[in-house]
Protein chains: 2
Amino acid sequence: MYMIAGAGLTTHETAMLLLSLGILLGTARLLGETARRLGQPAVLGELLAGILLGPTVLGTISPDLFAWLFTDSHAARIALDGYILISVVLLLLISGLEIELTTAYRQGKAALIIAMTGMLLPFTIGSALGWQFPTAFGPLGSAYQPLAFAIFLGIALSITALPVIAKVLMDLNIFKSDLGMLIMSAAMFNDLAGWLGFAVVMALINPGENGGASIGGTLLLTMGFLAGVMTIGRWLTHRALVFIQAYGSWPGGVIGFVLVVALLCAAATEAIGIHSILGAFFAGIVIGDSKHLRQRTRETIHQFIANIFAPVFFAGIGLTVNFVAAFNPLVVLLAVLVACLGKVAGCYVGSKWAGLGRRDSLAVSSGMLAQGTMGIILGQLALTAELITQELFVAIVFVALLSTVISGPAIQRVLQRGQKRSLGDLLTEDRFVSVMKSLGARAAIRELSSALGPDSPVEADAVFESVWKREQTMRTGLGDGLAIPHARLAGLEKTIVIIGRSPHGVDFDAADGNPAHLICMLLTPLDDQDSQLEVLRLIAECFHDPARRSAALNAGTYTEFLAAIKLPGADSHGGMAHE
Amino acid sequence: MYMIAGAGLTTHETAMLLLSLGILLGTARLLGETARRLGQPAVLGELLAGILLGPTVLGTISPDLFAWLFTDSHAARIALDGYILISVVLLLLISGLEIELTTAYRQGKAALIIAMTGMLLPFTIGSALGWQFPTAFGPLGSAYQPLAFAIFLGIALSITALPVIAKVLMDLNIFKSDLGMLIMSAAMFNDLAGWLGFAVVMALINPGENGGASIGGTLLLTMGFLAGVMTIGRWLTHRALVFIQAYGSWPGGVIGFVLVVALLCAAATEAIGIHSILGAFFAGIVIGDSKHLRQRTRETIHQFIANIFAPVFFAGIGLTVNFVAAFNPLVVLLAVLVACLGKVAGCYVGSKWAGLGRRDSLAVSSGMLAQGTMGIILGQLALTAELITQELFVAIVFVALLSTVISGPAIQRVLQRGQKRSLGDLLTEDRFVSVMKSLGARAAIRELSSALGPDSPVEADAVFESVWKREQTMRTGLGDGLAIPHARLAGLEKTIVIIGRSPHGVDFDAADGNPAHLICMLLTPLDDQDSQLEVLRLIAECFHDPARRSAALNAGTYTEFLAAIKLPGADSHGGMAHE
């Protein structure tokens, strides 16, 4: 008889699997969130979690504890590997879902040119160096093959990271602009070309693994698979999605369908001899391309994979490599130079060629720079296949992280746009008056002014005078229990928001006649027109939602208040981009 | 060095893992959706998928194919077992999330009495029979122990299935009624008692497995774990949720936190010597109890686990057992009698005792009958532990399915309430006129009447006369391009809806002056007042949403039209219950 759920795993193995998975996921999520708070992509923290738990740190400090957690139990380790495998397959599924062929196609020639030049330059330099001087990138892998290595190196140094780019553009609020769509489309073409090239690399190093197909045979099978997926597969998917939404449960039916298609395509490409993740990637493209996949379903899939599977994969990478021992500064420097300079120069030339101005060309180049997740996945596969060694892998991880970290600030600088702020970013605990005592508007403004504290760049009295003067020319009660007294002040460098709650209510002369229970005092620099309008709008939007308003009024602590104002409104969606 | 993602699994093993998982999940989802379409719980179809793919059917028809898919590759099988293990852990997590201690507590004594009597009767009979005549339930397991077996049998025959009950009550639209909350609360107490009892069983059969703790030691550790989780754990969870929502990403931060807590608690209970799923269950209770876990987050977690993990677990059961070979009619009959009669009688007595009337008592008894998923999980664990043999396991699965299938119709019959209908249930393809030709209301009504077809119980001419007569007394244009001409007809047994789309527009004299583009003709039986109002309301609600209306007007085929009217509105949520 065939036993499941426990028969393959003893009690001890079960406990170890759950424990190692829990610790891996927990640490990765914690550091991922921390990275995000610091304005960095989550993948940075997730990789760091693996480095901390792996041979680099824990394995050096306490080899016994590391071995107990991650390597002693063979069966638990195989099961963990299986989970990590499914994670990377699903990660490529959502990368594929983000590629919108129709959008990319519509941007047409310009995107194609930029993708081509941006890829060709680092690819040519990378693969020429890899072909001519392979040992410049560290010792050769045990499965080293000149051609496969050269192509791999070219791709690894020229691929972009679609999810990271999407996130950067969204943060700057230019995702839907012409420039944003151009960058996204170019990155999509780049991704597509990169993964197709990688399929060639896999075919070169895996020939004959499954029943003796030659390199040509594997490539032929790959092309057959792609052609089938893009024609019949696409048609069937489209039909199936409509059918499932008409007759199945929602969104469960669709989620199940998407995952099953991804798993089966992954199994197919793995059997062909190119990696399983390629199948999942193309499944994602085909499914994402159908207009019948709804936004809400996309988000549910995205949230789960990005938060439950992806962190385990990235943290898992840290378990495999000692990042200190394998760090070779020369290799890292060479890789960084080729990847970053090559990409920026290539994209700049392409953008100018496509007719863009200097500023836009620079913006495109900075945006396309981010290599992020894709470079790391590629390196991981090559390392596992022993095509490369740890030295080069560490350099690739470094390139990916560095390019990701500088891409955002670079594009921000070029376009001179600030990141979208949220109200929460502007608040601090000491500028939150939980229960105000004042009964009138004048007293209330004085009470909030005095919450500025001693280390404020402006005097409480000066603040009071300015805000009260402004209040007298125009009363700031907005109705619905909200008032936003405000002023622009000389000597202020950045925006200050002080929030007070008045259970009794303060009359700020609102049009609806209701007293204000939430009073947000807003102080902005004198020479900065935009900030005042922007933050006024942020505050008004935030408290427009009745549920959020009432949660904010009833929150017991400052932390609960912060949680309350981040409550999603009826119209809002969860974030889409992975980082 | 320690390799992940592929190093533990060869190319062949990777392909087999993805293929077997894809086929298992795909078949389970397909049959699960089919069961749902037929008004049955999804778990029925999911189990059937496993029976088809397992030794019962596929293994009998083609043992080679079965072995190739599921047992030949040892490493792939261990990885699949790991996935199934994580699935059942997460399944218990969402079961725990559904338990609301505060709600249950508020219902107080009545719920407690019903839970107690409803559990005590089948438990006493079951465990007495199990103690006295263990062989009446098939051959003894290799790890048979009289006391553990008796307690197990009592619990297995007396546990209820909270998610199934929730689904039944929601379908009947009485979930939020007093009676609904009473049934839910009683079921929660029942579940809680059942799982605590099961912890005792696990402690009895696993003593000393981990470092030699005795039965007493295991129970002591269990109580310590529970006390810790319910006090410090609860306090910490509450704090952590607020903190994560204030400073973390949403809903990603919360989803990650919930899963990590579940995995670590599962590892802890597994290490104690009671099963890992108990830890996940209690983690779910503690987390679900916090008012800081938002509805939308709950739903995302629920959707993913119910659609991606749970089906694999239930289908996996079919892979372990030959349901034909192990089917023993006498054992099945005995188990059904004790479980169903005992539960119904016990709950009826308890309800009367708690002061309920006859009809309500019957409704409570029918509702509490459903054993569904919980009984099966329990049986699976006992089978794996070899406390029971396949004969009894098959009987338990049978009890679970039968009680689940009859619970819904029984409560429906007692309360004489119909299931909530959706508009989609009332439509058929031949009563859908994709492009209407008529330009006036009279012609439009005639055109839709003739779509009734030859096998209609009423004549097209008679329908036209009645609807047109009604139309002349009161015009049925509702505005927003929607008109609902209707009539009540003698000789009609059930409601008929005919839908036509007019690109040109037909004037139905709407208050907003706009012509109707969507014309829904509604025919109801003469003696049925309620149906007309109910369906009028359904139609109006459905097309009130502008996005849904426009999607319905632009749908190319009937299937696309159906998918369009199931498009969620801005205010709607995904379904919550698992089945």
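## Where the two chains meet

In this predicted model, 84 residues of chain A are in contact with 84 residues of chain B. Several helices of chain A each supply at least two residues of the side that touches chain B: α1 (11–37), α5 (74–98), α10 (215–247), α11 (252–272), α13 (295–320), α16 (372–384) and α23 (558–565). The largest share, 14 residues, comes from α1(A). If you like to sort such a surface by residue class, the side of chain A that touches chain B divides into 45 nonpolar, 27 polar and 12 charged residues.

Do the copies use the same surface or different ones? Of the interface residues of chain A, 100% are also interface residues in chain B, so the copies meet through the same surface.

## How the copies are related

Two copies of a chain are related by a rotation about an axis and a shift along it. Here, a turn of 180° and a shift of 0.0 Å along the axis lay chain A on chain B with an RMSD of 0.1 Å. That is the relation of a two-fold axis. To find this axis from chain A, start at A:Ala79: its C-alpha is the nearest one in the chain, at 2.1 Å from the axis.

## Chain A as a whole

Chain A has 23 helices and six strands. Its C-alpha atoms fill a box of roughly 85 × 65 × 55 Å along the principal axes. With 579 residues, a compact globule would have a radius of gyration near 25 Å, and the 27 Å of chain A agrees with that. Buried residues make up 57% of the 579 residues. Among the contacts in chain A with a separation of 6 or more, 76% are between residues 24 or more positions apart.

The domain assignment splits chain A into domain 1 (90–415) and domain 2 (423–565). Taken over C-alpha atoms, the centres of domain 1 and domain 2 of chain A are 46 Å apart.

## Two glycines, one in each chain

Let's turn to a pair of glycines. A:Gly318 belongs to helix α13 of chain A, one of the helices that supply residues to the side touching chain B. Why does A:Gly318 count as buried? The cut-off is 20 or more other C-beta atoms within 10 Å, and A:Gly318 is buried because it has 27. Leaving aside residues up to four places away in sequence, A:Gly318 touches A:Leu47, A:Ala49, A:Gly50, A:Ile51, A:Leu53, A:Gly54 and A:Thr56. A:Ile376, 58 residues apart from A:Gly318 in sequence, is 11 Å from it in space, C-alpha to C-alpha.

In chain B, B:Gly50 sits in helix α2 (residues 42–53). B:Gly50 is buried too, with 27 other C-beta atoms within 10 Å. With the same allowance for sequence neighbours up to four places away, B:Gly50 touches B:Phe314, B:Ala315, B:Gly316, B:Ile317, B:Gly318 and B:Leu319. B:Ser422, by contrast, is 31 Å from B:Gly50, C-alpha to C-alpha, and 372 residues apart in sequence.

## Two helices and what surrounds them

Helix α8 (residues 162–171) of chain A has eight of its 10 residues buried, so it is largely enclosed by the rest of the structure. The buried residues are A:Leu162, A:Pro163, A:Val164, A:Ile165, A:Ala166, A:Lys167, A:Val168 and A:Leu169. Just after α8(A) comes A:Asn173, with a positive phi of about 65°.

Helix α20 (residues 460–473) of chain B is a handy geometry check. At 1.5 Å a residue, its 14 residues should span 20 Å, and its end C-alpha atoms are 20 Å apart, which agrees. In α20(B), B:Val463, B:Phe464, B:Ser466, B:Val467 and B:Glu471 are buried. Their cover includes α19 (441–449), β4 (486–489) and β6 (516–525) of chain B.

## Unusual backbone angles in chain B

Most residues other than glycine have a negative phi. Which angle does B:Glu386 take? B:Glu386 has a positive phi of about 60° although it is not a glycine. Its place is the loop between α16 (372–384) and α17 (390–415) of chain B, where B:Glu386 is partly exposed, with 15 other C-beta atoms within 10 Å.

B:Asp509, also not a glycine, has a positive phi of about 60° as well. B:Asp509 lies in the loop between β5 (496–506) and β6 of chain B. B:Asp509 is partly exposed, with 14 other C-beta atoms within 10 Å.

Notes: Residues are numbered from 1 along each chain as its sequence is written. Chains are lettered from A and ligands numbered from 1 in the order in which they are written. This is a predicted model: local features need pLDDT of at least 70, side-chain atom pairs count only at pLDDT 80 or more; totals for chains, interfaces and linings use all residues. Helices (H or I, at least four residues) and strands (E, at least two) are DSSP runs, numbered from the N terminus. The expected span of a helix is 1.5 Å times one less than its number of residues. A residue is buried if 20 or more other C-beta atoms lie within 10 Å of its own, exposed if 12 or fewer, and partly exposed in between; C-beta atoms are placed from the backbone. Two residues are in contact if their C-beta atoms, placed from the backbone, lie within 7 Å. Ala, Val, Leu, Ile, Met, Phe, Trp, Tyr, Cys and Pro count as nonpolar, Asp, Glu, Lys and Arg as charged, and the others, Gly among them, as polar. Domain bounds come from an automatic or database domain assignment. Copies are superposed by least squares on the C-alpha atoms of residues with pLDDT of at least 70 in both. The radius of gyration is taken over C-alpha atoms; the globule rule is 2.2 Å times the number of residues to the power 0.38.
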